[in-house]
Amino acid sequence: AMAAPGQNVAVVVHRAGDLRLENRPIPEPGPNEVLLRMHSVGICGSDVHYWQHGRIGDFVVKDPMVLGHEASATVVKVGSGVTHLKPGDRVAIEPGVPREMDEFCKTGHYNLSPTIFFCATPPDDGNLCRYYKHSASYCYKLPDNVTFEEGALIEPLSVGIHACKRAGVTLGSKVFVSGSGPIGLVNVIVAKMMGAAAVVVTDLSASRLQKAKEVGADFTIQVKNETPKEVASKVESMLGCMPEITVECTGVQACIQTGIYATRSGGTLVLVGLGPEMVTVPIVNAAVREVDIRGIFRYRNTWPVAIALLASKRINVKPLVTHRFPLEKALEAFETTKRGEGVKVMLKCDPTDQS
């Protein structure tokens, strides 16, 4: 369905398997909000999952929900209380906004606040649309030398920043990244930037491992049908030692098992990928070797860091974008992502600027 340019075209999931383009009213920003004309929005695996399955864990699509949470935009209107932004500013959007100042916010862990608003997590609408309003405090001005696409990529990049910080990556670290999808790749980029001496990446797909090499991986291992212990020993022989840090980005049971076996005694395994609620893992192996297992939930305080890194050209995320579609072709873009083609599919929401 084509919509007139003045209207607010949105990509909406109604239930499992039912994705539509529809018109929504253009929202009015509140005192501490800004109205944004969306520019670039990346498609995430979670967006595809909500479309295909109608839920992720306890988050169930009960009412129609706008998808999209990896986004950049132009400010078109500011609320009466907003002072740091003005119409015309280009911004990157942090999709998670706490609704109240609870104990988690007070201790600096606002991402763990149970009442947080998060774009495209039921029941909260995302920003894959022409016009969207958002809390001004969670919109970050982009410097002139950072593109809209880089701005949209800050969201997945933030997962890598938060995971590598939780993992304790530092000067000379040996790191094993399991999985070479977009999140595996941002972890490679960030780990190298934080001083990792060697990064090894595993995946089933040769083309994805080629992309990992392109963004800085030192070694890659294409997994076929080896056991977790066999993959772990391949990781060790590639690095010349067991890695101090493993970042698991698949959520697959066998990969989590591999992560435990591969990590050096006294090291850290960070679980980034999410799979089934219950997985069987060699927990005693981890316990007796003092391997710390850490989880992450999204990110916090990462946008200013990411913007500084992009503006200073310390990191390059541009190779991650492999496909671009105008907003009107969102269904085609989602099909492309579902087929696993390329790495990051970007939707262009502004009909006047498809750059």
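This briefing covers confidence and unusual backbone geometry in one protein. The model is predicted. Its mean pLDDT is 96, and 98% of the residues reach 70 or more. Three spots in the backbone deserve a look: the P122–P123 bond, A120 and R298.

**Confidence**
- Among the elements of the protein, strand β13 (residues 174-178) has the highest mean pLDDT, at 99.
- Strand β4 (residues 55-56) has the lowest, at 94.
- Where pLDDT is low, predicted coordinates should not be read in detail.

**What to expect of a backbone**
- Most peptide bonds are trans, and most residues other than glycine have a negative phi.

**The loop between β10 and β11**
- P122 and P123 are joined by a cis peptide bond. Omega there is about 5°.
- P123 sits in the loop that runs between β10 (117-118) and β11 (131-135).
- A120 also lies in the loop between β10 and β11.
- A120 is not a glycine, yet its phi is positive, about 60°.
- A120 has a relative accessible area of 1%, so this residue counts as buried, the cut-off being under 20%.

**The loop between β18 and α9**
- R298 belongs to the loop between β18 (292-295) and α9 (303-311).
- R298 is a residue other than glycine with a positive phi, near 60°.
- R298 has a relative accessible area of 18%. That value falls under the 20% cut-off, so R298 is buried.

Technical notes:
Residues are numbered from 1 along each chain as its sequence is written. This is a predicted model: local features need pLDDT of at least 70, side-chain atom pairs count only at pLDDT 80 or more; totals for chains, interfaces and linings use all residues. Side-chain values use heavy atoms; hydrogens and water are left out. pLDDT is the predictor's confidence in each residue, from 0 to 100. Helices (H or I, at least four residues) and strands (E, at least two) are DSSP runs, numbered from the N terminus. Buried means under 20% relative accessible area, exposed over 50%, partly exposed in between (1.4 Å probe, protein chains only).
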